[in-house]
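Thanks for making time this morning. I would like to walk you through one model, beginning with its surface and ending with a single residue.

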Amino acid sequence: MSTATYTVKGMTCGHCVSSVKEEVGEVAGVTSVEVDLASGLLTVGSEGLIDEAKIVAAVEEAGYEVANR
């Protein structure tokens with residue numbers, strides 16, 4: 001099991017959290033997605049390593065941005 005954490009910018013409500021969770025959850029290999037609205041932290045669990053670009057693309061598809069890239 002592998003875990004990666006990202007900071008997502010632009011989320012302001014529960015709908016934002018749902019959108020990010022839905023898009024990231026569709027990335028192949030992702031087994032869990034946790035989003036903390038207050039801190040903007042996105043924690044992604046997976047069976048193995050997942051290409052960070054796929055996670056970033058999923059966040060962008062949801063309409064948000066990954067900070068510190």
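About 4100 Å² of the protein chain is exposed, and 46% of that area is supplied by carbon and sulfur atoms, where accessible areas come from the Shrake-Rupley method with a 1.4 Å probe and, for residues, only the protein chains shown count as cover. This is a predicted model, in which local features need pLDDT of at least 70 and side-chain atom pairs count only at pLDDT 80 or more, while totals for chains, interfaces and linings use all residues. Residues are numbered from 1 along each chain as its sequence is written, and side-chain values use heavy atoms, with hydrogens and water left out.

As for the fold, the protein chain has two helices and four strands, arranged along the sequence as β-α-β-β-α-β; helices (H or I, at least four residues) and strands (E, at least two) are DSSP runs, numbered from the N terminus.

Of the 69 residues, 38% count as buried, meaning under 20% relative accessible area, with exposed meaning over 50% and partly exposed in between (1.4 Å probe, protein chains only). Taken along the principal axes, the box filled by the C-alpha atoms is roughly 30 × 20 × 20 Å.

Contact means heavy atoms within 4.5 Å, and among contacts between residues at least 6 apart in sequence, 58% join residues at least 24 apart.

Finally, consider S19, which sits in helix 1 (residues 14-25). S19 counts as buried because its relative accessible area is 17%, and, leaving aside neighbours within four places in sequence, S19 is in contact with A62 and Y64.
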